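Dear colleague,

Please find below the structure I promised to pass on to you. My notes on it follow directly after.

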Amino acid sequence: MAGREVVIVEVGPRDGLQNETTPITTADKLALIGRLAEAGLSRIEATAFVSPRWVPQMADHEAVMRGITRRPGVVYSALVPNEKGAEAALAAGAQALAVFTAASESFCRKNTNCSIAESIARFRPVMRLAERAGVPVRGYVSCALDCPYEGEIAPDAVASVSAELLALGCSEIALSDTLGRGTPERTQAMVEATLRRAPAAMLAGHFHDTSGQAIANVEVAWRLGLRIFDGAVGGSGGCPYAPGAAGNLATERLVAHFEAKGISTGIDLAALERAGRWIGARLDMAAR
Ligand code: HMG
Ligand code: MG
């Protein structure tokens, strides 16, 4: 993290691509991951070891994780919903895992077919495997502001799920505006509530950008002490089980925002923009 005052986590290869209806080859995914590492991203969520029936676009998770040409200093992580996913991800060389639950019961059920409590029970064996392998586990809390099925979510619900994930052993919580409709005011209330249960150093901001408010929300979270933010190159993505959600905050915008404030990200913006244009063109070609 030398020279970086803020850590940008690139989730494009996972969150960005999981919702694409056009097929993307494993080779293109690997080329994208390579370009992102070259641009200076130090943490890349490379794929998801989820059920291929639930998210077909991530069905090549094993080939992706095994096929990465590893760049020293870069951590390549995998999203996993359960023990089966964690086992396979670690066997394929994941250097970090990410589990995911929600602050909304309805979304948790739609996304993973279980309650919040059941999802956390599924994470216990994941934590044991990760501990044995010596890899950290991030915990996503989806619907930190709004749920596509339940509407506005109470800040205390986010704080309490975050505290449960930390108690389980997660090293970081990604507060996730799944729908991307959050406002800076509501982001502030949610982050403040969570900070009463968790230190800022263990929190990350994961904002989708449906309403164009994601940068303003990042700024609020930054002022409250968060130093880890997620982006997806090109602003791609969304969750297939969150109708109405648009793409993630573009990593290019996130990097440009911090660099304009004189805050170093350690990322080469021009190289990142080239990676964004490259994957955009591949997606266009695949769609034809
Ligand atoms: P289920 O159908 O209830 O699971 O799905 P099951 O345990 O009954 O198993 C059903 C089948 O899935 C079995 O196969 C299992 O082996 C298989 P069968 O015997 O029928 O052939 N299976 C698996 N296969 C591969 N990898 C696995 C795995 N586990 C079971 N890990 C399950 C439950 C959780 C598996 C399913 O609901 C699922 O995979 N959901 C994933 C949904 C998803 O990936 N959503 C997008 C990511 S989350 C997100 O985008 C939000 C985030 O970005 C933050 C934010 O913005 O909010 C992180
Ligand atoms: Mg997301």
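Of the 288 residues of the protein, 57% count as buried. Please bear in mind throughout that this is a predicted model.

As to overall form, the radius of gyration is 17 Å, which agrees with the value near 19 Å that a compact globule of 288 residues would have. The C-alpha trace extends over about 45 × 40 × 40 Å along its principal axes. In secondary structure, the protein comprises 11 helices and 10 strands. Among contacts with a separation of 6 or more, 74% are made by residues 24 or more positions apart.

The surface may also be of interest to you. About 11,300 Å² of the protein is exposed, and carbon and sulfur atoms supply 51% of that area. There are 29 positive and 31 negative side chains, and the centres of these two sets lie 4 Å apart.

I turn next to the metal site. Which residues supply the protein donors of the magnesium ion (ligand 2)? They are D15, through OD, together with H206 and H208, each through NE2, and they lie 2.0 to 2.3 Å from the ion. Along the chain, these donors follow the spacing D-x190-H-x1-H. The pair D15 and H208 links distant parts of the chain, the two being 193 residues apart. D15 belongs to helix 1 (residues 12-16), whereas H208 is found in the loop between strand 9 (203-207) and helix 9 (214-223). Both D15 and H208 are buried.

Two further residues deserve a short description.

The first topic is S77, which has its place in strand 3 (residues 75-79). Its relative accessibility is 11%, and S77 therefore counts as buried, the limit being under 20%. Leaving aside residues up to four places away in sequence, S77 touches I44, E45, A46, T47, M65 and A96.

The other topic is T183, located in the loop between strand 8 (172-177) and helix 8 (184-195). Is T183 buried or partly exposed? T183 counts as partly exposed, because its relative accessibility is 27% and that class lies between 20% and 50%. With residues up to four places away in sequence again left out, T183 touches Q213 and N217. The C-alpha atoms of T183 and E152 are separated by 11 Å, with the two residues 31 apart along the chain.

With kind regards

Conventions. Residues are numbered from 1 along each chain as its sequence is written. Chains are lettered from A and ligands numbered from 1 in the order in which they are written. This is a predicted model: local features need pLDDT of at least 70, side-chain atom pairs count only at pLDDT 80 or more; totals for chains, interfaces and linings use all residues. Side-chain values use heavy atoms; hydrogens and water are left out. Donors are N, O and S atoms within 2.8 Å of the metal (3.2 Å for Na, K and Ca); water is not among the atoms, so sites may look incomplete. Helices (H or I, at least four residues) and strands (E, at least two) are DSSP runs, numbered from the N terminus. Buried means under 20% relative accessible area, exposed over 50%, partly exposed in between (1.4 Å probe, protein chains only). The radius of gyration is taken over C-alpha atoms; the globule rule is 2.2 Å times the number of residues to the power 0.38. Contact means heavy atoms within 4.5 Å. Accessible areas come from the Shrake-Rupley method with a 1.4 Å probe; for residues, only the protein chains shown count as cover. Lys and Arg count as positive and Asp and Glu as negative; His and the chain ends are not counted. The place of a charge is taken as NZ of Lys, CZ of Arg, CG of Asp or CD of Glu.
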